[in-house]
Amino acid sequence: MKWFKFLLALAATLALIWRLQTPIPLGDKNIPAPGDFLNPFSGFWRNAEPLSGPAALDGELNLHGLKGKVQVAYDDLLIPHIFAENTEDAVRVQGYVTASQRLWQMDLTTRKAAGRLSEVLGERTLKLDRLMRRRGMVFAAEKAVKSFQRSPEMVRYMNAFTEGVNAYVDQLDEADYPLEFKLLGYKPEPWSVLKTALVVESMADVLCAGNSDLEATKTLGIFGQDTFNMLYPEWNPKQTPIVPDFGQWADLNKKLGVKTPENKERPHARRGNGDIGADFDPEYNKPDPYIVGSNNWAVSGLLTRSKAPLLANDPHLNLTLPSIWFQLQIHSPEINAHGVSLPGIPGIIGGFNENSAWGITNVGHDVSDWYSIQWADDARTRYVLDGQEKPVEFRYETIVIKGREKPLMDTVRYTNWGPIVYDYDPDHALKNCSLRWIAHDEPDPELVNFALGLNGGKNYDTYRSAIRHFDSPAQNIVFATKSGDIAITVQGRLPVRKPQQGRFIQDGSKSENGWSGFIDLADVPALKNPERGFVYSANQHSTPPSYPYYYTGNFDDYRGRHLHERLSVLRDASIDSMKSIQLDNFSRKAADALPVMLRLLDRTQLDATGQKALQALESWNYRYEADQSAPSYFEVWLDSCYNRTFDEIIALQKTHKQILYPEMWRFIELMETDSSNFIFDIQNTPDRETARQVVNIAFKEMSNSFAANPAKATDWAHFRGFDIKHLALLEPFSRMNLLVGGDKNALNAISRTNGPSWRLIAELSNPVRAIGVYPGGQSGNPGSRYYDNLVEPWLKGEYFELLLLGSADDKNPRIQHRQTFLPK
């Protein structure tokens with residue numbers, strides 16, 4: 001019996017050991033073997049941090065490549081304040097400390113951009129990996145590295161940052177790996193300059209890769225020119241552009257031989273989404289996709305209480321944990337700046353220093369075009385350009401897939417325009433089209449001097465000198481100085497286009513259909529010290545149509561207008577005034593649409609739910625407050641109005657797949673000014689409806705939908721929902737079901753997963769004072785108190801003072817840890 005018990009125990013032990021060392025299949029996924037993850041000496045237990053923060057942040061370290069001593073002081077938010085005897089050393093230590101907090105995030109960002117997620121995640125990311133390879137992300141990054149090599153200064157900084165990251169990676173034991181490496185069962189790789197370039201390209205992919213060429217081409221073919229022009233005008237007559245026409249382009253118009261156009265005939269449109277007849281989804285069931293955007297502005301001292309300029313910035317992005325941004329101070333003989341960086345890129349992207357402050361928003365110009373290719377042979381190895389046959393260039397991609405014995409071998413064809421992205425799919429509408437994308441061009445070889453130049457900037461001239469190194473993705477860069485200047489520049493490499501060029505798929509057999517160069521930096525829209533006392537942007541049009549260069553793209557129609565309204569009445573402004581603007585939940589879209597809808601509504605014969613909704617709507621102030629039900633009623637009602645009106649387009653979406661939806665501002669305008677337009681006719685009824693009938697049918701649908709679900713919360717925070725998800729979509733490491741107001745069309749632009757990723761307000765007084773907050777934390781470790789400690793303050797609209805320390809020995813009571821790096 002003893003032997004039997006022993007053998008039984010031995011068998012159970014061996015079975016447990018086997019299970020702990022064997023990956024666990026779960027559907028199409030494999031959970032890594034749990035043994036290593038649960039190991040008490042090297043598993044996830046080692047990632048738990050004491051409440052005081054990581055113990056490794058105190059003491060001395062030797063770092064190869066340093067020229068002098070570098071001291072780092074960590075404050076109570078775990079923000080590193082780096083003090084170096086030269087900027088190269090500062091950048092080297094920036095690489096080290098960023099990796100110490102965000103290594104897995106850096107790895108995942110570059111894997112996604114490079115199309116290498118499947119190496120660690122398996123089959124489920126293969127489609128994405130293949131698309132990233134075929135869209136030329138690594139191709140673009142390689143060209144960027146080639147460009148960087150032409151600048152000795154760039155090489156020094158890039159190598160220093162890379163070596164700093166690798167110094168951290170090299171000293172890691174397996175027990176010290178970030179938690180996600182253990183959970184997913186793989187190891188960190190060495191960093192490289194190519195990976196830094198991939199981080200840059202990943203932002204280009206988010207901010208300037210979109211276009212609607214295919215949708216517009218199909219829609220024009222279906223509707224014809226007249227109907228297309230009626231439904232898809234570009235210029236919203238209510239728009240307030242970033243740079244108004246003060247007559248400053250008269251000479252340029254004469255030089256280019258351009259006649260000043262009227263403000264109504266430069267069409268552009270945005271693609272809608274899916275079956276809009278589906279149940280309400282406030283994030284995805286919309287004619288206007290979420291604009292990846294932001295707000296920024298600067299106010300002259302003439303309008304402020306302190307007589308010093310004020311600057312504010314809040315970039316709106318998809319919010320994640322770990323957070324998008326990493327906050328730090330860099331201090332060297334050339335620089336003393338505080339702000340946020342992108343993990344993987346040296347320098348500070350947005351922030352302030354002793355003399356100035358700066359911030360960014362996305363420009364939104366279309367810099368991504370499709371060209372149809374005329375093949376010269378059936379094998380598609382040659383194509384026709386200007387009557388001549390040209391050889392295709394082949395790029396061979398090897399995609400390693402976890403769980404597969406053999407990698408996927410893929411061949412991508414490149415023409416003079418760019419890659420043929422979809423030729424592997426015989427059913428894809430773009431299978432014979434080549435992608436011309438600005439991100440495939442070599443960037444300025446001194447790109448790092450954009451960030452470091454702003455970081456050390458002192459005045460308007462240094463601002464202009466620094467931003468000229470920034471090409472893509474184009475940004476509206478706002479600036480203010482302690483000496484009193486305010487300015488904004490639409491900065492980037494912007495194509496010179498013919499009218500309508502880039503709206504539709506173009507003929508790739510003629511080189512004359514390409515871009516005619518780029519707008520000179522002297523001619524890009526810019527504004528300095530305007531009489532009105534402020535500059536601003538919220539992803540709206542850069543200019544009115546009187547600007548001599550044609551452009552198309554994706555632009556906001558509401559936030560910019562309301563921001564202009566708020567800034568136009570500012571007097572005696574303060575930091576608190578800036579807070580109230582950043583946290584403003586007012587929707588100009590609702591203020592435009594709801595009065596029109598209420599005017600058309602028949603109030604007789606409403607049921608109890610309808611009466612309740614009407615009462616809420618009639619008393620609503622157009623603010624998307626968390627506890628208000630009116631925003632929920634309005635969004636469902638407006639959606640239903642839109643769905644009923646454009647039922648023809650919904651039907652076309654089902655049969656043609658890619659179709660262009662009219663913009664919401666145009667729909668509201670038609671309801672208000674042309675309520676009998678044929679577009680309001682509902683196709684499956686014998687009558688010809690007008691906007692009045694559509695509005696009343698839609699109100700009844702809205703009322704019925706809420707009556708059918710009486711238990712469903714109607715307050716906006718619950719109804720919309722808001723999540724900040726972990727980058728690997730691991731729910732235990734996410735913050736789900738958070739309650740907060742705001743809307744994507746409000747200045748406080750919060751949607752289901754997007755929102756202000758960083759709020760900065762700076763007063764350019766003497767000394768400069770700044771406050772800020774972002775929805776996350778400095779640490780990328782879910783076991784750290786600094787992982788998400790800033791989420792609750794962000795939700796509440798709270799800010800923290802941003803320290804700009806004068807020395808590494810500063811006795812500020814908020815300093816918690818001190819670290820010294822010495823040459824090795």
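The following exchange goes through aromatic pairs, nonpolar cores and paired strands in a predicted model.

Trainee: Which class of aromatic pair do Tyr-460 and Tyr-463 form?
Mentor: Both residues lie in helix 14 (residues 460-467), three residues apart, about one turn of the helix. Their ring centres are 5.7 Å apart, with 50° between the planes. An angle under 30 degrees would count as stacked and one over 60 as edge-to-face, so the pair is classed as tilted.

Trainee: Is Tyr-460 buried or exposed?
Mentor: The cut-off for burial is under 20% relative accessible area. Tyr-460 has 17% relative accessibility, so this residue counts as buried.

Trainee: What is the relative accessibility of Tyr-463, its partner in the pair?
Mentor: Tyr-463 also falls under the 20% cut-off and therefore counts as buried. Its relative accessibility is 1%.

Trainee: How many residues apart in sequence are the parts tied together by Tyr-624 and Trp-716?
Mentor: The two rings form an edge-to-face pair, 5.1 Å centre to centre and with 80° between the planes. Both residues are buried. Tyr-624 lies in the loop between helix 18 (608-618) and helix 19 (630-645), while Trp-716 belongs to helix 23 (residues 716-720), so the parts tied together are apart in sequence by 92 residues.

Trainee: Over which ring does the charged end of Arg-785 sit?
Mentor: A charge sits over a ring only if, among other conditions, it is within 6 Å of the ring centre. For Arg-785 the distance to the centre is 5.0 Å, and the ring is that of Tyr-786.

Trainee: Which helix gives the largest share of the largest nonpolar core?
Mentor: This core has 141 residues, and those with the most contacts inside it are Val-93, Trp-437 and Phe-821. Val-93 touches residues including Leu-63, Ile-82 and Phe-821. The largest share of the core, twelve residues, comes from helix 3 (residues 87-114).

Trainee: How many residues does the other core, with Trp-620 and Met-671, hold?
Mentor: Trp-620 also belongs to a cluster linked by ring pairs, along with residues including Tyr-624 and Trp-716. The core that includes Trp-620 and Met-671 lies apart from the largest one and holds 55 residues.

Trainee: Which residue of strand 28 stands opposite Gly-772?
Mentor: Strand 27 (residues 769-773) has four of its five residues buried. Five bridges join it to strand 26 (residues 759-763) in the antiparallel sense, and there Leu-760 has Gly-772 as its bridge partner. Strand 27 also pairs with strand 28 (residues 800-801), antiparallel over two bridges. In strand 28, the residue opposite Gly-772 is Phe-800.

Definitions and conventions: Residues are numbered from 1 along each chain as its sequence is written. This is a predicted model: local features need pLDDT of at least 70, side-chain atom pairs count only at pLDDT 80 or more; totals for chains, interfaces and linings use all residues. Side-chain values use heavy atoms; hydrogens and water are left out. Rings of Phe, Tyr and Trp (its six-membered ring) pair if their centres lie within 6.5 Å; planes under 30 degrees apart count as stacked, over 60 as edge-to-face and the rest as tilted. Buried means under 20% relative accessible area, exposed over 50%, partly exposed in between (1.4 Å probe, protein chains only). A charge sits over a ring if NZ of Lys or CZ of Arg is within 6 Å of the ring centre and within 35 degrees of the ring normal. A nonpolar core is a set of buried Ala, Val, Leu, Ile, Met, Phe, Trp, Tyr and Cys residues joined through side-chain atoms within 4.5 Å. Contact means heavy atoms within 4.5 Å. Two strands pair if DSSP finds at least two bridges between them. Lists of a residue's contacts leave out its neighbours within four places in sequence.
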